[in-house]
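Here is a friendly walk through one model, going from a pair of helices to cysteines, backbone oddities and a few single residues. Keep the viewer open as you read.

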Amino acid sequence: MAEQEQTLFAKRFRGFFPVVIDVETAGFNKDTDALLEIAVSMLKMDDQGLLSLDHTVHFHVAPFEGANIEQSAIDFNGIDPFSALRGAVDEEEAIKEICKAVRKAQKAAGCQRSVVVAHNAAFDHGFLNAAIERCKIKRTPFHPFVSFDTTSLAGLALGQTVLAKACRTAGIEFDNSQAHSALYDTERTAELFCHIVNKWQALGGWPLPEMSEEEDDESAQ
């Protein structure tokens, strides 16, 4: 059977599908502190290889049983973990629905694995992995440790590491009054990531020049 030709999306990130994530939590400890809100933005690529925001999946999450809640954390993000007005769902429901949506988008993009994109990615990725483990989800689309950190990318491309300042430098509107909402921050992070990737292409950094067969053979040795 002939090997299926890779999509532009799959070629761009060696088969990885970037998935932009932001979480709001009740502290900094991924193993003990509650996950309170999570949003995941899926991206799309046009025929010119340019990225843009496609759609976002968003959940308010009820604290898992026995979860720690740091008062300083909820004072900072303004979330009342036990308010009925949040419409919070169980952590397991949220994570399963996110995995389902990501797998569907990943397949549509012709990719084999999804990679977390986040601002200070180690934090969000850590809380996501901890939730996946608590929920005993075996079939997860996410790579367990690879991530794309927009803090580093923005520092390189824009000279800024704070999300709000990086967005404004890139010409992306950022409303401080809506910050620290997982939904808002995820979509701004997605726009920032797309801006940096597309700018790199516009500057001639992608696609890479194709190697000749002789060069390819030499690199494999």
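Helix α5 (residues 150-158) and helix α7 (residues 182-202) have axes that come within 10 Å and cross at roughly 45°. That angle makes α5 oblique to α7. The crossing in which α5 passes α7 is left-handed. Please keep in mind that this is a predicted model.

Which residues make the contact? On the α5 side they are T150, L153, A154, A157 and L158, and they meet T189, L192, F193, H195 and I196 of α7. Sorted by character, the residues of this contact comprise seven nonpolar and three polar ones, with no charged residue.

**A neighbour of this contact**

A118 makes a good next stop, as its partners include residues from both helices just described: T150 and T189. A118 sits in strand β4 and is buried, with a relative accessibility of 0%. Leaving aside residues up to four places away in sequence, A118 touches I21, D124, F148, D149, T150 and T189. From A118 to S147 the C-alpha distance is 7.8 Å, with the two residues 29 apart in sequence.

**Cysteines**

How many disulfides does the model have? The count comes to zero. Two of the cysteines show why. A disulfide needs two cysteine sulfur atoms within 2.5 Å. For C135, the closest cysteine sulfur belongs to C99 and lies 8.8 Å away, so the gap is too far for a bond. For C194, the closest cysteine sulfur is that of C167, at 11 Å, which is also too far for a bond. Are these two residues buried or exposed? C135 is buried, with a relative accessible area of 11%, and C194 counts as buried too, at 5% relative accessibility.

**Backbone oddities**

Most residues other than glycine have a negative phi, and most peptide bonds are trans. With that in mind, three spots deserve a look.

N120 is not a glycine, yet its phi is positive, at about 65°. N120 belongs to the loop between β4 (113-118) and α4 (121-134). With a relative accessible area of 44%, N120 is partly exposed.

H180 also has a positive phi of about 65° without being a glycine. Where is H180? You will find H180 in the loop between α6 (163-169) and α7. H180 counts as partly exposed, at 34% relative accessibility.

The third spot is a peptide bond: the one from W206 to P207 is cis, with omega near 0°. P207 is placed in the loop between α7 and α8 (213-220).

**More single residues**

L208 lies in the loop between α7 and α8, as does P207. Is L208 buried or exposed? L208 counts as exposed, because its relative accessibility of 57% is over 50%. The C-alpha atoms of L208 and D22 are separated by 31 Å, and the two residues are 186 apart along the chain.

E91 is part of helix α3 (residues 91-108). E91 has a relative accessibility of 6% and counts as buried. Not counting residues up to four places away in sequence, E91 touches L35, V61, A62, F64, A131, R134 and C135. This list brings back C135, the buried cysteine described above. From E91 to E65, 26 residues apart along the chain, the C-alpha separation is 9.9 Å.

A73 is found in helix α2 (residues 71-77). At 14% relative accessibility, A73 falls under the 20% limit and therefore counts as buried. Its contacts, again without residues up to four places away in sequence, are T25, A26 and G27. The C-alpha atoms of A73 and E24 are 9.1 Å apart, with their positions 49 residues apart along the chain as the separation.

Here are the C-alpha pairs from this tour in one place.

| Pair | Apart along the chain | C-alpha separation |
|---|---|---|
| A118 and S147 | 29 residues | 7.8 Å |
| A73 and E24 | 49 residues | 9.1 Å |
| E91 and E65 | 26 residues | 9.9 Å |
| L208 and D22 | 186 residues | 31 Å |

Key
Residues are numbered from 1 along each chain as its sequence is written. This is a predicted model: local features need pLDDT of at least 70, side-chain atom pairs count only at pLDDT 80 or more; totals for chains, interfaces and linings use all residues. Side-chain values use heavy atoms; hydrogens and water are left out. Axes are lines fitted to C-alpha atoms, for helices over the stretch in contact, and angles run from 0 to 180 degrees between N-to-C directions. Helices (H or I, at least four residues) and strands (E, at least two) are DSSP runs, numbered from the N terminus. Angles under 35 degrees count as roughly parallel, over 145 as roughly antiparallel, 65 to 115 as roughly perpendicular and the rest as oblique. A crossing is left-handed if the near helix is turned anticlockwise from the far one by less than a right angle, and right-handed if clockwise. Contact means heavy atoms within 4.5 Å. Ala, Val, Leu, Ile, Met, Phe, Trp, Tyr, Cys and Pro count as nonpolar, Asp, Glu, Lys and Arg as charged, and the others, Gly among them, as polar. Buried means under 20% relative accessible area, exposed over 50%, partly exposed in between (1.4 Å probe, protein chains only).
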